Amino acid sequence: MEPIVIEETPSIVTVKYDSTPYELPEQMREKHEHFWNEQLKINPHFRNGEVFTIQKICRNSEELQITVAKTDYKHYLYTIRHEEKVFPCKVIFTCVAVITKDNYIAFGKMNKHTSTPGRLQFTGGGLDESDLKGELFNLEKSIEKELMEEMGLSINPSYTKSFRPMFVKHGGLNDFWAVVFELNVNFTSNELQVILEKHNMSIIGKGEQPEFAEFLLVALDKESVHSFIQNDLSLKEEYLEPILEKYIDQMT
């Protein structure tokens, strides 16, 4: 496994779509199909939508350009559920650290119907075709869509104090890449907690299941962050602890 690296976002980040069909060997396609059918028996909520896998990475001190091609969710699910990394689906996604005016950071616990039930992570998700403008993905549109779906928040209204790309993550178990945004909101932690819980209730009221079963807010100070890391034994997205540590390092 490669070490997890959290870096400041370069001045220019672009994700480009290569429309050349992504082809897997027939033997791998058969493995994916068999695994997918078994998973549907366990969780019939899964949907085999499009996923974009990284084909090429070009970077320097000022710019990061990533080229992706289209594959599918069963390829992604097979990758994250198997140790063998033959023809892996290597994704780039967006996520966002939501920070309150009293300096708490918000994230959620994934619901039981998702591919990673119980995992703690920021709001975020993979890119899809609706994020494309020409051959480039609109990363801000991608994360704003996830914010609205998962938290009921937007990046433009009066409660937004600031919104910007903050970090790039790479390395880890599958060497997935992420562009990590930061959204500062003009709510206290208690006010945001109420808003998030109301959002989940509104989703449940429509007969649907929210992405997050619950939300957590942790104070961005050294003692609180270290206490959370040491004492909360929940499964965590691999970027979560390093990013929390990064925020603490920036404050010292």
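**Exercise 1. What percentage of the 252 residues in the protein chain is buried?**

Solution. The model is a predicted one. Take buried to mean under 20% relative accessible area. By that cut-off, 49% of the 252 residues are buried.

**Exercise 2. Describe the fold in outline and judge how compact the chain is.**

Solution. Start with secondary structure: the protein chain has 6 helices and 13 strands. Next, take the radius of gyration, 18 Å. The globule rule gives 18 Å for 252 residues, so the chain is as compact as a globular protein of that length. Then look at the box: along the principal axes, the C-alpha atoms fill roughly 55 × 45 × 35 Å. Last, check the contacts with a separation of 6 or more: 70% of them join residues 24 or more positions apart.

**Exercise 3. Find the largest nonpolar core and the helix that gives the most to it.**

Solution. The largest nonpolar core holds 38 residues. Among those with the most contacts inside it are Ile105, Phe107, Ile243 and Tyr247. Helix H6, residues 240-251, gives the most to this core: 5 residues. Now zoom in on Leu240. Beyond its neighbours within four places in sequence, Leu240 contacts Phe107, Leu120, Phe122 and Phe228. Another core lies apart, with 34 residues, including Tyr17, Leu64, Val68 and Leu127. In soluble globular proteins, nonpolar side chains tend to be buried together.

**Exercise 4. Describe the surface and the charges of the chain.**

Solution. First, the area: the protein chain exposes about 12,800 Å². Carbon and sulfur atoms supply 49% of that area. Second, the charges: there are 27 positive and 40 negative side chains. The centres of the two sets lie 2 Å apart.

Conventions:
Residues are numbered from 1 along each chain as its sequence is written. This is a predicted model: local features need pLDDT of at least 70, side-chain atom pairs count only at pLDDT 80 or more; totals for chains, interfaces and linings use all residues. Side-chain values use heavy atoms; hydrogens and water are left out. Helices (H or I, at least four residues) and strands (E, at least two) are DSSP runs, numbered from the N terminus. The radius of gyration is taken over C-alpha atoms; the globule rule is 2.2 Å times the number of residues to the power 0.38. Buried means under 20% relative accessible area, exposed over 50%, partly exposed in between (1.4 Å probe, protein chains only). Contact means heavy atoms within 4.5 Å. Accessible areas come from the Shrake-Rupley method with a 1.4 Å probe; for residues, only the protein chains shown count as cover. Lys and Arg count as positive and Asp and Glu as negative; His and the chain ends are not counted. The place of a charge is taken as NZ of Lys, CZ of Arg, CG of Asp or CD of Glu. A nonpolar core is a set of buried Ala, Val, Leu, Ile, Met, Phe, Trp, Tyr and Cys residues joined through side-chain atoms within 4.5 Å.
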